[in-house]
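Biologist: I'd like to learn how to read salt bridges, pockets and surface patches in a model. Could you walk me through them?

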Amino acid sequence: MAPVLLALSGTPCTGKTTLSVELSKALGFDLIHLGEFISEKGLSDGFDEGRDTRLVDVNKLSLAVEEEASGRDVLVEGLMSHMLPVTHAIVLRASPLVLRGRMAARGYSREKIMENLEAEYLGIILCEALENCGNVLELDSAKKVNFRKVASWLKSGGVKVRNVDWSKEFIKVLEG
């Protein structure tokens with residue numbers, strides 16, 4: 001079987017980093033944390049003060065990740081991982097009500113919180129992952145992840161799975 005390059009993506013505060021450690025161990029995959037990788041390899045092209053985020057050339061990042069992962073099964077964790085030339089992508093989702101609290105606890109500005117909650121509600125990362133990769137699994141991070149189910153999904157070649165809807169919670173966020 002060809003090596004798997006598995007993205008684990010989602011909006012900020014969905015639990016990507018925590019799950020990536022457990023999932024990579026359960027699957028026997030090597031793990032790349034994109035934030036650390038970008039810093040270590042000097043792949044940032046600057047900083048967008050207005051959006052409070054690093055600027056990264058996805059093409060340069062893709063080449064560096066492909067070189068690093070060459071011939072191995074690798075889980076790539078991070079917000080941009082679904083934009084890379086991956087064989088499979090898992091998109092973590094979380095209730096906007098939960099995300100709002102987590103982002104506030106991290107000290108995110110109101111503007112950054114609303115931008116990220118809007119992205120979660122609209123499923124922006126999921127849509128991007130579906131456009132980029134034929135094998136996408138969507139998981140609600142509030143539920144315990146069944147690692148056997150993920151392994152089975154990978155073995156079957158992966159299929160597009162979509163089953164999370166935050167519309168009711170997002171309305172509560174807007175009202176509150």
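**Salt bridges, then spaces and surface**

Modeller: Let's start with one pair: lysine 60 and aspartate 45 form a salt bridge, with the closest N and O atoms 3.5 Å apart. This pair links distant parts of the chain, since lysine 60 is in helix H3 and aspartate 45 in strand S3 (residues 44-48), 15 residues apart. Keep in mind that this is a predicted model.

Biologist: What does the relative accessible area say about lysine 60, and is lysine 60 buried or exposed?

Modeller: In between. Under 20% counts as buried and over 50% as exposed. Lysine 60 has 43%, so lysine 60 is partly exposed. Aspartate 45 also comes out as partly exposed, with a relative accessible area of 43%.

Biologist: How many salt bridges are there by this rule?

Modeller: The rule asks for a side-chain nitrogen of Lys or Arg within 4 Å of a carboxyl oxygen of Asp or Glu. The count comes to five salt bridges. One of them joins aspartate 30 to arginine 72, where the closest N and O atoms are 2.4 Å apart. Aspartate 30 belongs to strand S2 (residues 30-33) and arginine 72 to the loop between helix H3 (58-69) and strand S5 (74-77), so this pair ties together parts that are 42 residues apart in sequence.

Biologist: And how does the exposure of that pair read?

Modeller: Aspartate 30 is partly exposed, at a relative accessible area of 34%. Arginine 72 is partly exposed too, at 32%.

Biologist: Which residue meets the side chain of arginine 93 in a salt bridge?

Modeller: Glutamate 138, at 2.5 Å from N to O. Arginine 93 sits in strand S6 (residues 88-93) and glutamate 138 in strand S7 (residues 136-140), so the pair ties together parts that are 45 residues apart in sequence. Arginine 93 and glutamate 138 are both buried. There's a network to look at here as well: salt bridges link Arg93, Glu120 and Glu138.

Biologist: Now the spaces. How do I tell a cavity from a pocket?

Modeller: Ask whether the probe can get out: a cavity is a set of points where a 1.4 Å probe fits but cannot get out, whereas a pocket is an open set. Here, one cavity of 30 Å³ or more is counted, and the space in the largest cavity is about 30 Å³.

Biologist: Which residues line the largest cavity?

Modeller: Ala94, Ser95, Val98, Arg102, Ser141 and Ala142. By class, that lining has three nonpolar, two polar and one charged residues.

Biologist: What volume does the largest pocket have?

Modeller: About 1100 Å³. Its lining takes in 37 residues, with Pro12, Thr53, Gly78, Leu79 and Met80 nearest the centre of the pocket. When you trace the lining, look for helix H1 (16-27), helix H2 (34-41), strand S4 (53-56), helix H5 (110-122) and helix H6 (124-132), each of which supplies at least two residues. Sorted by class, the lining of the largest pocket has 15 nonpolar, 11 polar and 11 charged residues.

Biologist: Last one, the surface. Which residues form a nonpolar patch there?

Modeller: Patch members need over 30% relative accessible area and no salt bridge. In this model, Tyr121, Leu122 and Ile124 form such a patch, with about 240 Å² of accessible area together. You'll find isoleucine 124 in helix H6. Its relative accessible area is 35%, so isoleucine 124 is partly exposed.

Notes
Residues numbered from 1 in each chain as written. Predicted model: local features only at pLDDT ≥ 70, side-chain atom pairs only at ≥ 80, totals over all residues. Heavy atoms only, no water. 1 Å grid on protein atoms, 1.4 Å probe; cavity = no way out; pocket = protein on both sides within 12 Å on 5 of 7 lines; lining within 4 Å. Points joined across faces, edges and corners; volume = space filled by probe spheres on them. Nonpolar A, V, L, I, M, F, W, Y, C, P; charged D, E, K, R; others polar. Helix = DSSP H or I, 4+ residues; strand = E, 2+ residues; numbered from the N terminus. Patch = residues over 30% accessible without salt bridge, like charges linked within 9 Å, V, L, I, M, F, W, Y side chains within 5 Å. Areas by Shrake-Rupley, 256 points an atom, 1.4 Å probe, with all protein chains shown as cover. Buried < 20%, exposed > 50% of the residue type's maximum accessible area, 1.4 Å probe, protein only.
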